[in-house]
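Trainee: Could you show me how to read the cysteine links and the buried positions in a protein model?

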Amino acid sequence: MITCRLKTGCLAAVVMFCGYIPLFAWIYMSKKYENSIQVDTPVHKQSRDKSVRSFHVFDSSFINVKDFRNTEYKFVHYSLLNISYPFNCTETLDRASQKNGNKIQEPEDILCMKRPKLLENYKNPCWIEDGRLRCLPYFHIFGVCKSGTTDLFRRLVIHHQIIPNKGITKKETWFWSWKRYGEHWDGQIATLKNFTDTFDVLPQRLTYSYDLDMYYSHFVAGHGDPMDIWYPFDWKLIPQNDPTSEEPVYITPNLIYHLNPNIKLILVIRDPVERLYSHYIHKKLGNKIHPSAKEFHEDVQHAVSTFSKCIKNKTFRACLYDTVLYKELRVPISSGFYSTFLRDWLKVFDKDQIMLIRTEDYRRNIAGTLTKVFKFLNLDVVGPSVLEKMACREMEYKTNYRTTMMNESRSLLETFYSDSQRDMESLLDEYGIDILVKSQDDMARQINCSRFFSKMPLMSKLKGKQIKRYFVSKKNATKYYRNKYSPR
């Protein structure tokens, strides 16, 4: 009996050991192959570090470098030409180094910073600094608030090449308009390193393809800060601007271009009247917890009157960049003058780097818009199932209207924005910017979200702070539900 048990135990041990032999062989060959690769950059050395387990040599999504010339991928050669400025940077280098304890006193002098030497074999703008890979965003959704930027960004990050950042809702950084000037709850002035730390998730997901010491990374990262186009009120803190002047010379687009001249910019605009009301309700800008349409109308009257007085004494652009005037307005009506702000960005960036999306067109044709955005960003074409997953999501961040806008408010604002709307049309014609969104291909036209979700929810139950929304899938007749918090 004992002999039988020993034989059985020995047989089990032999079988178990034989089962581990292929695993040990695979690990040995993987290490041998990885160590045989001749690499020079610190990034490659970091990829072989055992502590960094997020780097994988063997990845099913890597690009075969042998077939590189036959694919749509191309090495990105960043042309960082020298920019000549009419000011001297010898006395203003690294203003952020002036610290009082651990608190930075002044924002960094971006325009006097040395531009990083970007790596050419990364699709995303990255460079090596102190043996560490640092990255800037590949694309930037720079406006406008309450125009669907969050919804668009949530759909874009489903793409296998786009990686969410570490910012607010994995989308917003608040750097260029707020944090770098100390406009935050903690009052701390953010630096460029703080900004690049937001994209630390990118080095953890980079895919390498090794062939004759060559590799290429096709992952990209982006961010969406919809206030960047219309919130330039700290321009006097930029050292190159004259604080006694009424208008700025250098603003946010100048700073971005200095560091990242090849960035892709996306602007989502909406009817300024509807957008303003949604902004007012969402941010609860009135005196009450739930602003009413009547309170909105009173605040609009005050804002229009105050702004009209300003343009009698100053230029229109000077009033838009007037910090004192902005604080007096009860409603941010200046954010609806898209043409003036966009003209400032077009003076810095080429028109081919900016894509415009109208919210109304986006809602009618989400699949066609996404296809156009991917083509603009020079990303892979996604399959029909992935495009359906992107286009058939429920809309994000809808404003809950308790009351509709009064007709008097709508009429007043339409008159107020009429000249700006006409100027916007002429600006698009001047630069030849196509804002129309059409179904880009047959795949986008065939997307039909009605077969995933019913037109109306079967049930909508409010229990505590959670809403359970039920949907029906006609494919398998199964009920799905998703918990959401209300109100947002």
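We shall go through the disulfides and then turn to a single valine.

Mentor: Please keep in mind throughout that this is a predicted model.

Trainee: How many disulfides does the structure hold?

Mentor: A disulfide is recognised here by a pair of cysteine sulfur atoms within 2.5 Å, and the structure holds three of them. Cys126 and Cys135 form one, with their sulfur atoms 2.2 Å apart, and Cys310 and Cys319 form another, also with 2.2 Å between the sulfur atoms. Cys392 is joined to Cys449, where the S to S distance is 2.1 Å.

Trainee: Which of these links are right-handed or left-handed?

Mentor: For this you look at the torsion about the S-S bond. For Cys126 and Cys135 that torsion is about 105°, so their disulfide is right-handed. The link of Cys310 and Cys319 has -100° about the S-S bond and is left-handed, and the link of Cys392 and Cys449, with -85°, is left-handed as well.

Trainee: Where in the chain do Cys392 and Cys449 lie?

Mentor: Cys392 lies in the loop between α14 (384-391) and α15 (407-431), while Cys449 lies in the loop between α16 (442-445) and β10 (460-463), so the pair ties together parts that are 57 residues apart in sequence.

Trainee: Are the cysteines of these links buried or exposed?

Mentor: The general idea is that a residue counts as buried under 20% relative accessible area and as exposed over 50%, with partly exposed in between. Cys126 and Cys135 are both buried. Cys310 is buried because its relative accessibility is 10%, and Cys319 is buried because its value is 3%. In the remaining pair, Cys392 has 6% relative accessibility and therefore counts as buried, whereas Cys449, at 27%, counts as partly exposed.

Trainee: Why does Val331 count as buried?

Mentor: The same kind of reading applies to a residue that is not a cysteine. Val331 has a relative accessibility of 1%, and therefore it counts as buried. Its place is in the loop between α10 (323-328) and α11 (338-346).

Trainee: Which residues is Val331 in contact with, once its neighbours within four places in sequence are left aside?

Mentor: Here you look for heavy atoms within 4.5 Å. With those sequence neighbours left aside, Val331 is in contact with Leu276, Tyr280, Phe296, Asp299, Val300 and Ala303. You may also compare positions along the chain with positions in space: Val331 and Gln301 are 30 residues apart along the chain, and their C-alpha atoms are separated by 9.4 Å.

Terms used: Residues are numbered from 1 along each chain as its sequence is written. This is a predicted model: local features need pLDDT of at least 70, side-chain atom pairs count only at pLDDT 80 or more; totals for chains, interfaces and linings use all residues. Side-chain values use heavy atoms; hydrogens and water are left out. Helices (H or I, at least four residues) and strands (E, at least two) are DSSP runs, numbered from the N terminus. Buried means under 20% relative accessible area, exposed over 50%, partly exposed in between (1.4 Å probe, protein chains only).
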